[in-house]
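Me: I am new to this structure. Please pick one part of it and take me through that part closely, along with what surrounds it.

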Amino acid sequence: MFSFQGAAKAGKQLTISDLSAAIAAGELLLIDVREVAEAQSSGLAEGARLIPLSLLPLKADPGKPGCELPQGVPVAIYCAAGARAGRAAEILAGFGYPEVANLGGLSNWAGGGGRVVPFKG
């Protein structure tokens, strides 16, 4: 079970199944903040977008022209074990993203029944 930080979903517990359905419906953005080599070696959570933590400030700042993330959509983040995802959640909160969840590591996703697919980048 995972919880979002932020207003609308604060404290609401969600399962991997809930998250997968929201991703498929376009109601949730799932971001993998690991490095490319990690994704190549172990794959990505199905529906995830790879944005390494080192690039997140450039690609998530709504005040910059290179921003690639929509505002107002809940975001779930994971990495290998959870530490980088925690840092990414702080970065997104600082940019004003209202709902952010740290899923921990890819193993949390897979252990909760989420599919892991090969990285095609």
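Reply: Two strands count as paired if DSSP finds at least two bridges between them. Keep that rule in mind, because S3 and S5 are joined by three bridges, which meets the cut-off of at least two. These two strands run parallel. Note early that the model is predicted.

Let us make strand S3 the part to look at. S3 spans residues 29–32. It belongs to an open sheet of four strands, in the order S5-S3-S6-S7. The pairing in this sheet is parallel. Strand S5 (48–50) and strand S7 (100–105) are the edge strands, each pairing on one side only. On average, neighbouring strands here are turned by 25° against each other, with direction ignored. In general, strands of a sheet pair through backbone hydrogen bonds, either parallel or antiparallel.

S3 has S5 on one side and S6 on the other in the strand order. Towards S5, Leu30 stands opposite Ala48. Towards S6, there are four bridges, and the two strands again run parallel. There, Leu29 stands opposite Val75.

Now the side chains of S3. Leu29 and Ile31 point one way from the strand. Leu30 and Asp32 point the other way. Are these four buried or exposed? All are buried.

Go one step further across the sheet. S6 covers residues 75–79 and pairs with S7 in the parallel sense, over five bridges. Within that pair, Ala76 has Ala101 in S7 as its bridge partner. Helix H4 (residues 83–94) lies across S6 and S7. H4 runs at about 150° to S6.

Next, follow the chain out of S3. The loop between S3 and helix H2 holds Arg34. Arg34 counts as buried because its relative accessibility is 2%, and the cut-off for buried is under 20%. Which side chains does the Arg34 side chain meet in polar contacts? One is the side chain of Asp32, at 2.7 Å. Another is the side chain of Ser42, at 2.6 Å. So the Asp32 contact leads back to S3, because Asp32 is one of the residues of that strand. Leaving out residues up to four places away in sequence, Arg34 also touches a longer list, including Leu50, Tyr78, Cys79, Arg84 and Leu106. Cys79 is itself buried, with a relative accessible area of 1%. Cys67 has 24% and counts as partly exposed. The structure holds zero disulfides.

Gly43 is another residue that Arg34 touches. Gly43 sits in the loop between helix H2 (36–42) and strand S4 (44–45). At 7% relative accessibility, Gly43 is buried too. Beyond its neighbours within four places in sequence, Gly43 contacts Asp32 and Arg34, among others. Val116, Val117, Pro118 and Phe119 are also among its contacts. By contrast, the C-alpha atoms of Gly43 and Ala88 are separated by 19 Å.

Finally, look at the chain ahead of S3. Helix H1 takes in residues 16–24, and Ile16, Leu19, Ala22 and Ile23 are buried in it. These four cover an arc of only 125° around the axis, so they lie on the same side of H1. Ser17 and Ala24 are exposed on the other side. Gly26 follows H1, with a positive phi near 75°. Then comes S3, starting at residue 29.

Key. Residues numbered from 1 in each chain as written. Predicted model: local features only at pLDDT ≥ 70, side-chain atom pairs only at ≥ 80, totals over all residues. Heavy atoms only, no water. Buried < 20%, exposed > 50% of the residue type's maximum accessible area, 1.4 Å probe, protein only. Arc of directions from axis to C-beta. Contact = heavy atoms within 4.5 Å. Axes fitted to C-alpha atoms, helices over the stretch in contact; angles between N-to-C directions. Polar contact = N/O pair within 3.5 Å; in protein donor to acceptor, adjacent residues only side chain to side chain. Disulfide = S-S within 2.5 Å.
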